Amino acid sequence: MIFTSVDRGPAPPPRRRFLARRALVLATAGLLAAGGVGALSDTAHAATTLGSAAAAQGRYFGTAVAANHLGESAYVSTLDREFSSVTPENEMKWDAVEPSRNSFSFGSADQIVSHAQSKGMKVRGHTLVWHSQLPGWVAGLGTADLRTAMNNHITQVMQHYKGKIHSWDVVNEAFQDGNSGARRSSPFQDKLGSGFIEEAFRTARAADPAAKLCYNDYNTDGVNAKSTAVYNMVKDFKSRGVPIDCVGFQSHFNSASPVPADYRANLQRFADLGVDVQITELDIEGSGASQATSYGNVVKACLGVSRCTGITVWGVTDKYSWRSSGTPLLFDGNYAAKPAYDAVISAFGGTGGGGGGNATCSVSYSRTASWNGGFNGQVTVTAGSTAISGWTVAVTVTPPQKVSATWNGSPTWDSSGNVMTMRPNGNGNLAAGASTSFGFTVMTNGNTSAPAIGNCTAS
Ligand code: XIL
């Protein structure tokens, strides 16, 4: 439909604000933090887990897993209770699965994959082509052999796990840090040139067409020269039909590299290229309330981007973190949930019931068409800082105006017939920051004034 004229109704309400977390949650966090030794009591979080809170917002919540801890019962019970996705921390890397040429060893990775499958968890594949944890024989190959070896590695590993991996980090960390925007030196880059990246993606698509193919990197979380270089590559790939489905943002944060203020905006600009975005290796050094706030902000950034499909933290417990001294994870060394855990649950909407006490929404109105005798109005409903599962908006027209048609909503009327209360047509779920619109036709009967749009109520 082509709208002929546009005029603006009442100004949209002020930008949404994040509401303070509820005192109850803070109190619980304090108790847990003070609780110290012993596994987190299951009853404290019986209703909500990281996985279920994320699932209520249509996301997965994963963790890196190391096969050598799968014999530790507290590790496994925390993993199984809380997470809906796993990434093998080291077990799918080149040195682990193809230590010598064309000789594959999948034992440890298989252990993680079967554990995940038996618990209904998704698996992220990490990683096929990376300069690090690369066995020496790869760097020793000449150009033609290296190309063959790279494609063979991708094909063999992906076919072994075909149908079991939801997303693969096909290429990891191919860009340099700093402002150059250049590709990082590696055997692949140095011998095959920048084209190795798209070659890897094309080979990967052929090997397992159902797996989502990701490019993954660090220091790309905010808008900066490095992330812009990756952005330009993804844009180029999309424009030329090189298969790429997702971009992974490692998100290893500490005080020198904090959660960037433009994190959400950066994720969004990638999503706008037509790829999913995933937070793939999250850990945030620190402790207490400041760590908790940062974790909550990461979750909010992801929820603010509809194509942010999930978050993976880089380990279950601080004691096995690759940056253990920075205590960067959600469970301490005794598997007690830290304040950061509660902040994550809270940012996902607390009870998983569609926003809990934080559910808010806002509205904006515009006249999308008008003609002699009538006009169309459109109201856009935008969820606040947590997801919502329902909303209502009252629209009041001025007699003798009459609403003669509505769409994308389910209206009820007051006795005067002038006040229409609109609710969602079917499911009213909106992710944090996401919008939906409904519309209506007003017969003016001589009065062309704009309808009054009431506040949005969310549930
Ligand atoms: C790390 C693992 O956590 C460590 O156990 C290992 O010694 C080194 O690699 N970026 C990545 C991950 O893509 O694979 C790295 O994992 C962390 C940085």
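Start by selecting the ligand and Lys93: an oxygen atom of the ligand sits 2.7 Å from an N or O atom in the Lys93 side chain. Keep in mind as you go that this is a predicted model. Now add Glu173, where an N or O atom of the side chain is 3.1 Å from a nitrogen atom of the ligand. Then bring in Gln250, which places a polar side-chain atom 3.2 Å from a ligand nitrogen. How much of the ligand does the protein bury? Taken alone, the ligand exposes 420 Å², and the protein buries 78% of that.

Next, show the whole shell around the ligand. There are 13 residues here, and those that come nearest are Glu89, Lys93, His126, Glu281 and Trp314. If you colour the shell by residue class, you should find three nonpolar, six polar and four charged residues.

Stay with His126 and step along the backbone to Thr127. The peptide bond from His126 to Thr127 is cis, with omega near 0°, and Thr127 belongs to strand β4, residues 122-129. A second stop of this kind is the bond from Pro399 to Pro400, also cis, with omega near 5°. Look for Pro400 in the loop between β13 (391-396) and β14 (402-407). These bonds deserve a look because most peptide bonds are trans.

From there, move on to Asn408, in the loop between β14 and β15 (410-413). Asn408 is not a glycine, yet its phi is positive, at about 60°. Asn445 likewise has a positive phi without being a glycine, at about 45°. You will find Asn445 in the loop between β17 (435-443) and β18 (452-458), where the residue is partly exposed at 49% relative accessibility.

Now for the rings. Select the Phe, Tyr and Trp side chains: a search of the whole structure finds 17 aromatic pairs. One of them joins Phe104 and Phe106, a stacked pair with 5.7 Å from centre to centre and 10° between the planes. Are these two rings buried or exposed? Phe104 is partly exposed, with a relative accessible area of 23%, while Phe106 counts as buried at 12%. The two fall into separate classes because the cut-off for buried is under 20%.

Turn next to Phe175 and Tyr215. Their ring centres are 5.9 Å apart and their planes stand at 90°, so this pair is edge-to-face. Why is the pair worth tracing along the chain? Phe175 lies in the loop between β5 (167-172) and α8 (187-192) and Tyr215 in strand β6 (residues 212-217), so the pair ties together parts that are 40 residues apart in sequence. Phe175 is buried at 0% relative accessibility, and Tyr215 is buried at 0% as well.

For a larger group, select Trp94, Trp137, Phe188 and Phe196, which ring pairs link into a cluster. Then look for charges over rings. Lys226 lies over the face of Tyr218, 3.6 Å from the ring centre, and Arg269 lies over the face of Tyr231, 4.8 Å from the ring centre.

Finish at Asp318, in the loop between β10 (308-313) and α13 (339-347). Asp318 is buried, with a relative accessible area of 6%. Which backbone atom does its side chain reach? Display Leu329 to see: the Asp318 side chain comes to 2.7 Å from the backbone nitrogen of Leu329.

Methods. Residues numbered from 1 in each chain as written. Predicted model: local features only at pLDDT ≥ 70, side-chain atom pairs only at ≥ 80, totals over all residues. Heavy atoms only, no water. Phe/Tyr/Trp six-rings, centres within 6.5 Å; stacked < 30°, edge-to-face > 60°. Buried < 20%, exposed > 50% of the residue type's maximum accessible area, 1.4 Å probe, protein only. Helix = DSSP H or I, 4+ residues; strand = E, 2+ residues; numbered from the N terminus. Lys NZ or Arg CZ within 6 Å of the ring centre and 35° of its normal. Near = heavy atom within 4 Å. Polar contact = N/O pair within 3.5 Å; in protein donor to acceptor, adjacent residues only side chain to side chain. Areas by Shrake-Rupley, 256 points an atom, 1.4 Å probe, with all protein chains shown as cover. Nonpolar A, V, L, I, M, F, W, Y, C, P; charged D, E, K, R; others polar.
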